[in-house]
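Student: I should like to learn how to read the features of a protein model. May we go through one together?
Tutor: Certainly; let us place the model before us and take its features in turn.

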Amino acid sequence: MALGFARFSAPPSDWVQNVVALCVTGPILAFAEEISWRDYLQPRLANLGEWTAMLVIGLVWTCWHLPYVLLTPGYHSDGDRAVVLGLFSCSVIAFSFLFGQLRTRSGSLWPVVLAHFAHNAAFAVLTEYAISTERPVVVREYLSGDTSLFVLIGTAACALAIGLRTRDKLGLDRTKARTRY
């Protein structure tokens with residue numbers, strides 16, 4: 001939009017039914033994935049270290065989606081395959097770090113499920129019903145789709161900020177603990 005590739009548009013008349021269906025199925029699908037990645041796999045990989053575990057989960061999560069991406073026409077099938085797969089893989093890994101930290105810091109799976117669902121729902125609604133463009137591949141795959149460049153940068157920045165803040169906070173807590181004793 002800021003670059004002139006897309007504009008907001010009025011949604012079609014059937015958008016409400018589709019959004020309601022998304023709000024029913026979306027949390028279920030997000031829960032199914034996150035119970036596997038964050039509730040089952042993350043604690044089992046904890047002995048690798050938090051960051052390594054999140055990287056491994058991101059790689060597994062990427063591989064989990066590859067058949068859907070590579071073998072179906074409905075999910076990231078447009079655009080240069082190498083660029084789309086690169087952005088997709090890096091974005092999923094960045095989400096793995098962000099969601100992994102949400103799981104660790106909150107002690108609950110629910111913030112992760114809600115974040116995963118909110119991401120999927122926001123981009124489904126925006127790209128399908130609220131944004132029109134003459135250049136759908138540039139907008140939806142490369143720049144502002146659910147695993148595009150802007151999402152990758154924003155997600156990686158959030159994951160890094162949370163990680164650094166947590167590390168700094170833990171460092172301060174350790175310093176205080178040493179001075180008390």
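Student: With which residue does Arg105 form a salt bridge, and how far apart are the closest N and O atoms?

Tutor: Please keep in mind that this is a predicted model. To read a salt bridge, one looks for a side-chain nitrogen of Lys or Arg within 4 Å of a carboxyl oxygen of Asp or Glu. Here Arg105 pairs with Glu50, and their closest N and O atoms are 2.6 Å apart. The two partners belong to distant parts of the chain, for Arg105 is in helix α3 and Glu50 in helix α2 (residues 50–71), 55 residues apart.

Student: Are Arg105 and Glu50 buried or exposed?

Tutor: A residue is called buried under 20% relative accessible area and exposed over 50%, with partly exposed in between. Arg105, with 33%, is therefore partly exposed. Glu50 is also partly exposed, with a relative accessible area of 29%.

Student: How many salt bridges does the count give?

Tutor: The count comes to three. Another of them joins Arg103 to Asp39, with 2.8 Å between the closest N and O atoms. Because Arg103 lies in helix α3 (residues 81–106) and Asp39 in helix α1, this pair ties together parts that are 64 residues apart in sequence. Arg103 is buried, its relative accessible area being 17%, whereas Asp39 is partly exposed at 32%.

Student: Which side chains meet in a salt bridge of 2.7 Å, N to O?

Tutor: Those of Arg38 and Glu34. Here one should look at the spacing along the helix: the two residues are four apart in helix α1, so about one helical turn separates them. Both partners deserve a check for burial. Arg38 is buried, with a relative accessible area of 1%, and Glu34 is buried, with 0%.

Student: How should I read helix α1 as a whole, and what is its reach from the first C-alpha to the last?

Tutor: One compares the span of a helix with the span expected from its number of residues. Helix α1 has 30 residues and reaches 41 Å from its first C-alpha to its last, which is close to the 44 Å expected at 1.5 Å a residue. One then looks for a change of direction along the axis. In α1 there is a bend of about 40° at Glu34, the residue that meets Arg38 in the salt bridge.

Student: Which residues of α1 are buried?

Tutor: Among them are Val19, Gly26, Ala30, Trp37 and Leu41. The buried residues of this helix also include Glu33 and Gln42.

Student: Which residues make the nonpolar surface patch?

Tutor: Trp15, Val16, Val20, Val24 and Ile28 make a patch of about 450 Å². Val16 may serve as an example: it lies in helix α1 (residues 15–44), and it counts as partly exposed because its relative accessibility is 45%.

Student: Turning to the interior, which residues have the most contacts inside the largest nonpolar core?

Tutor: Trp61 and Phe99 have the most contacts inside this core, which has 20 residues. One then asks which elements contribute. At least two residues each come from α1, α2, α3, α4 (110–130) and α6 (149–180). Helix α3 gives the most, with seven residues.

Student: How may I find parts that are apart in sequence, and what is the distance in space between His119 and Ala30?

Tutor: One sets the separation along the chain beside the distance between C-alpha atoms. His119 and Ala30 are 89 residues apart in sequence, and their C-alpha atoms are 10.0 Å apart in space. His119 is found in helix α4 and is buried, with a relative accessible area of 13%. Another pair is Val83 and Ser148, 65 residues apart in sequence and 9.6 Å apart in space, C-alpha to C-alpha. Val83 lies in helix α3.

Student: Finally, what pattern does the protein chain follow along the sequence?

Tutor: Read along the sequence, the pattern is β-α-α-α-α-β-α-α, made of six helices and two strands. Of the 181 residues in the protein chain, 35% are buried.

Note on methods
Residues numbered from 1 in each chain as written. Predicted model: local features only at pLDDT ≥ 70, side-chain atom pairs only at ≥ 80, totals over all residues. Heavy atoms only, no water. Patch = residues over 30% accessible without salt bridge, like charges linked within 9 Å, V, L, I, M, F, W, Y side chains within 5 Å. Areas by Shrake-Rupley, 256 points an atom, 1.4 Å probe, with all protein chains shown as cover. Buried < 20%, exposed > 50% of the residue type's maximum accessible area, 1.4 Å probe, protein only. Expected span 1.5 Å × (residues − 1). Bend = angle between axes of the 7 residues up to and from the residue. Core = buried A, V, L, I, M, F, W, Y, C linked by side-chain atoms within 4.5 Å.
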